[in-house]
Amino acid sequence: MMIDSDGAISPANTIFVLLSFEGPDVYSTAGGLGTRVTELSEALAAQGYTTHLIFIGDPHKPSLETRLDGRLMLKRWSQWISKYYLNGVYDGEEQKLYDYNESVPYHVYNEIVRPAAAEGKLVVVMGEDWQTAEAMTRVSDLLHWFGLRQKALLLWNLNSLMSLHRINWGKLSYVTTICTVSKYMKHRMWNYGVNPLVIPNGIPSRHLNPIDQDAVKRLREISKQGDPRRMFLFKIGRFDPDKRWLMAIEAVARLKYSGYPVTLFVRGGIEPHGADVLKRAYDLGLNIRDVVAHRPNLEQCLEAIANSGPADLYNLRFFLPEEFVRLTYAAADATLANSGHEPFGLVALEVMAAQGIAVTGSTGEDYAVSFENAIVTETDDPDEIVGYLLYLRRHPEELERIRCAGRNTAEEFLWDQVIKNLVGKLEFLARKQNIVLA
């Protein structure tokens, strides 16, 4: 390849390939990974980069779908297996993993890297989480065998600590550059003898769109239930002990019995821990209402809650449209994203973008500074949440300052900004690998 005068990576000389089990389909999304790869691939394509996202897709959708004028190619893998496992991306995981490892590396070599090399282009292959570790090593082996390893940069990114015992760390760190999403995760990974680069997650620019203030006022009125003193809180995420649901429930109960009534909106998943959470709420004397709806729009969400009757805890048992989630972030007195283990903390960043008040943990949320742009909890003591919320109630002038500072922080983590960070690290890696850019 001919070297550019400044060795710059650009859409003209670089193609991206993202390997992930999760992806943009409802079938393929189980957590933050699906959001990450969907939005990263779209942001790369929007900047002009040809981008391939290879993921375990919905078996009933096309195996290849193109978006953004053909620059983004969604490749739904292992559909012939998925049709026997209809309960989502991780149903039949081992069978899908075997197929992914056996077939994806040859596709990357033969259909992407080989033609790109013929055009003098660099291919950046990024694998996500433990399921792609073996595929990444096989991609490297194939490219080396066929003399194309110098035509590609291989990165492997870690988003969670699950199944790390299944990874051959020596081999993976030899054939790829290992990355992760926060300094907290970087330090956790030192235990495995690796020292990853940090490339954070991001949020799409649409999360900064203005929120209808009339709708904010209406939702606040619904949450007050006729009592202007009533506090409005929100918690959303998987029902996982790491999310410190019980800490949040205890805090709500302590507020209630201290003379500060609370309305808490809860949106969890289907995980077994959800039963523990609701039982604890019941045992603490919180009045619980289940709210059900079928794929509602914003107006239908508001009506379903308003018609549910008075409660301390509203268990929202339906898919929440993004418009409603952002509205709730903005309207609530605080969103409790108080996890005890959080690789990055995407929810809190989304709260900031909506000019909400995020109550975070103190693990992967590198961007959060307590009482500056968020509220950061450092223990699992429910009274820490109680104390901070009552402090904010006594100092309302702090609320607007924190909301504005949070919004400014969110602007620094738009995907366009994160991609600049990524490209800077890629140019460093290209120089280290003696790759020249056309």
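**Group meeting: a walk through a predicted structure**

Let me begin at one residue. A12 has a relative accessibility of 62%, so it counts as exposed. Its place in the chain is the segment before β1, the strand that spans 14–19. Please keep in mind throughout that we are looking at a predicted model. One distance will help you to find your bearings: A12 and D58 are 46 residues apart in sequence, and their C-alpha atoms are 32 Å apart in space.

From A12 we move on to β1 itself. Is this strand enclosed or open to the outside? Six of the six residues of β1 are buried, so the strand is largely enclosed by the rest of the structure. A general point is useful at this stage. In a regular strand, side chains alternate between the two faces of the sheet. In β1 both faces are covered. On one side T14, F16 and L18 are buried, and on the other side I15, V17 and L19 are buried as well.

Which strands pair with β1? One partner is β5, residues 122–128, which pairs with β1 in the parallel sense over six bridges. Within that pairing, L19 stands opposite G127 of β5. Another partner is β2, residues 50–56, which runs parallel to β1 and is joined to it by five bridges. There, F16 has T51 of β2 as its bridge partner.

I now turn to a sheet of seven strands. This sheet is open, its pairing is parallel, and its order is β11-β12-β10-β9-β13-β14-β15. Why do two of these strands have a side without a neighbour? β11 (288–291) and β15 stand at the edges with a single partner strand each, so one side of each is left without a neighbour in the sheet. Further inside that order, β10 (residues 262–267) pairs with β12 (residues 313–316) in the parallel sense, over three bridges. L264 has L313 in β12 as its bridge partner.

The next topic is aromatic rings. The structure holds 15 aromatic pairs, and I have chosen two of them. In the pair of Y367 and F413, the centres are 5.7 Å apart and the planes stand at 65°, an edge-to-face arrangement. This pair links distant parts of the chain, 46 residues apart: Y367 lies in the loop between β14 (358–360) and β15 (375–376), and F413 lies in the loop between α14 (396–411) and α15. Both Y367 and F413 are buried.

The other pair is F371 with Y391. Their ring centres lie 5.4 Å apart with the planes at 85°, so this pair is edge-to-face. F371 is in the loop between β14 and β15, while Y391 is in helix α13 (residues 382–394), so the pair ties together parts 20 residues apart in sequence. Are these two residues buried, exposed or partly exposed? F371 has 23% relative accessibility and therefore counts as partly exposed. Y391, at 28%, also counts as partly exposed.

Aromatic residues also appear in other arrangements. F21, Y90 and Y100 form one aromatic cluster. In addition, the charged end of K235 sits over the ring of W245, 5.1 Å from the ring centre. The charged end of R295 sits over the ring of F319, 4.5 Å from the centre of that ring.

Finally, let us consider the spaces within the model. How many cavities of 30 Å³ or more does the structure hold? It holds one, and the volume of the largest cavity is about 30 Å³. Its lining consists of R36, L40, M126, I199, P200, W415, V418 and L422. Two elements, α1 (32–46) and α15 (415–432), give two or more residues to this lining. The largest share, three residues, comes from α15. By character, the lining has seven nonpolar residues, no polar ones and one charged residue.

The second largest pocket holds about 450 Å³ of space. It is lined by 20 residues, and the closest to its centre are R149, Y174, V175, T176 and T177. The elements that give two or more residues to this lining are α4 (133–145), β6 (152–158), α5 (169–175) and α15. Here the lining divides into eight nonpolar, eight polar and four charged residues. Helix α15 thus contributes to the lining of the largest cavity and to that of the second largest pocket. Thank you for your attention.

Notes: Residues numbered from 1 in each chain as written. Predicted model: local features only at pLDDT ≥ 70, side-chain atom pairs only at ≥ 80, totals over all residues. Heavy atoms only, no water. 1 Å grid on protein atoms, 1.4 Å probe; cavity = no way out; pocket = protein on both sides within 12 Å on 5 of 7 lines; lining within 4 Å. Points joined across faces, edges and corners; volume = space filled by probe spheres on them. Helix = DSSP H or I, 4+ residues; strand = E, 2+ residues; numbered from the N terminus. Nonpolar A, V, L, I, M, F, W, Y, C, P; charged D, E, K, R; others polar. Phe/Tyr/Trp six-rings, centres within 6.5 Å; stacked < 30°, edge-to-face > 60°. Buried < 20%, exposed > 50% of the residue type's maximum accessible area, 1.4 Å probe, protein only. Lys NZ or Arg CZ within 6 Å of the ring centre and 35° of its normal. Pairing = 2+ DSSP bridges.
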